[in-house]
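Please examine the structure shown below, and then work through the questions that follow.

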Amino acid sequence: MRTADRVSQENTRSTARLQTLHIMTINVHKGFSHFNRRHVLPELREAVNTLSTDMVFLQEVIGVNRKHALRFYDWPDVPQYEYLADTMWQDFAYGRNAVYPEGDHGNALLSRFPILQYENRDVSISGTEERGLLHCTLEVPGHPNVHAVCVHLGLRQAHRLEQLALLCELLESIPRNEPIIVAGDFNDWRLQANKILAECDVHEAFVSHYGRPAKSFPARWPFLRLDRIYIRNARVRHPAALYHRPWSHLSDHVPLIAEVCL
């Protein structure tokens, strides 16, 4: 094969790769296994690093916890999201939702691509169950504005409905021609979110492929469909829930992965 032809083929493959984003969403349960039995953040980082993901949506990730830092010998010296990013993801954003005497936790996004800007929208209802929508705008080659929204909604149905309305307001504020990925823990065990978000023209990956959201909670015996991946102005391929070990023992939620084609 001539050098010019080989370079041309390599460039074509490179361009094709830029059209597809490999994403993952996981509620990391503050770095603990089911029922808080073990601190598993080092194992979680090792597992996440084995996947070729471009973006990781994290919920219940700790920024600071002074109590845990004294208790656990392997507690990281940096925020959990920065520890998980390691050298795999060059950029990250953190949205602090809950603040308490010993520290804080919230949502985070890890990205291989530059995060141009981000905003954490407080969607807590009446000061209970602090929740947020972390909205990031990314610069992906060939797609200067790709929007990623990391979601963690409340446990109460009435609160979730209000929060879904606020999420729709956010989505409607984004230019209609720009790609959007919304992922996270919706706590939507009554399966109300799909109908509401369809009005904003975002559609759930597992529903599109399999007819129903993935079972994702609890991780060892999943039967509730709480975690979701929604998209607009993009297509999804190969959505999957990681039910097998080690994932089933690294959180109380099952991670979801998918390929998003821009």
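**Sheets and pocket**

Q: What is the strand order in the open sheet that includes β3 and β11, and which strands stand at its edges?
A: In this predicted model, an open sheet of 6 strands has mixed pairing and runs in the order β3-β4-β2-β1-β12-β11. Each edge strand has a single partner, so one side of it is left without a neighbour in the sheet. The strands at the edges are β3 and β11 (235-241).

Q: How many bridges join β3 to β4?
A: Strands β3 and β4 run antiparallel. Within this pairing, R96 stands opposite G106 in β4. The number of bridges joining β3 to β4 is 9.

Q: Which strands are the edge strands of the open sheet with the order β5-β6-β7-β8-β10-β9?
A: This sheet has 6 strands and mixed pairing. An edge strand here pairs on one side only. The edge strands are β5 (115-122) and β9 (203-204).

Q: At about what angle to β6 does helix α5 run?
A: Strand β6 (residues 132-140) is joined to β7 (residues 143-152) by 8 bridges. Helix α5 (residues 157-172) lies across β5, β6, β7, β8 (180-185) and β10 (227-232). Its angle to β6 is about 25°.

Q: Which residues lie nearest the centre of the largest pocket?
A: The largest pocket has a volume of about 330 Å³. Its lining has 6 nonpolar, 7 polar and 8 charged residues. Of the 21 residues that line the pocket, those nearest its centre are E60, R131, H152, L155 and N187.

Definitions and conventions:
Residues are numbered from 1 along each chain as its sequence is written. This is a predicted model: local features need pLDDT of at least 70, side-chain atom pairs count only at pLDDT 80 or more; totals for chains, interfaces and linings use all residues. Side-chain values use heavy atoms; hydrogens and water are left out. On a 1 Å grid over the protein atoms alone, a cavity is a set of points where a 1.4 Å probe fits but cannot get out, and a pocket is an open set with protein on both sides within 12 Å along at least five of seven lines; lining residues have an atom within 4 Å of a point. Grid points are joined across faces, edges and corners, and a volume is the space filled by probe spheres set on the points. Ala, Val, Leu, Ile, Met, Phe, Trp, Tyr, Cys and Pro count as nonpolar, Asp, Glu, Lys and Arg as charged, and the others, Gly among them, as polar. Two strands pair if DSSP finds at least two bridges between them. Helices (H or I, at least four residues) and strands (E, at least two) are DSSP runs, numbered from the N terminus. Contact means heavy atoms within 4.5 Å. Axes are lines fitted to C-alpha atoms, for helices over the stretch in contact, and angles run from 0 to 180 degrees between N-to-C directions.
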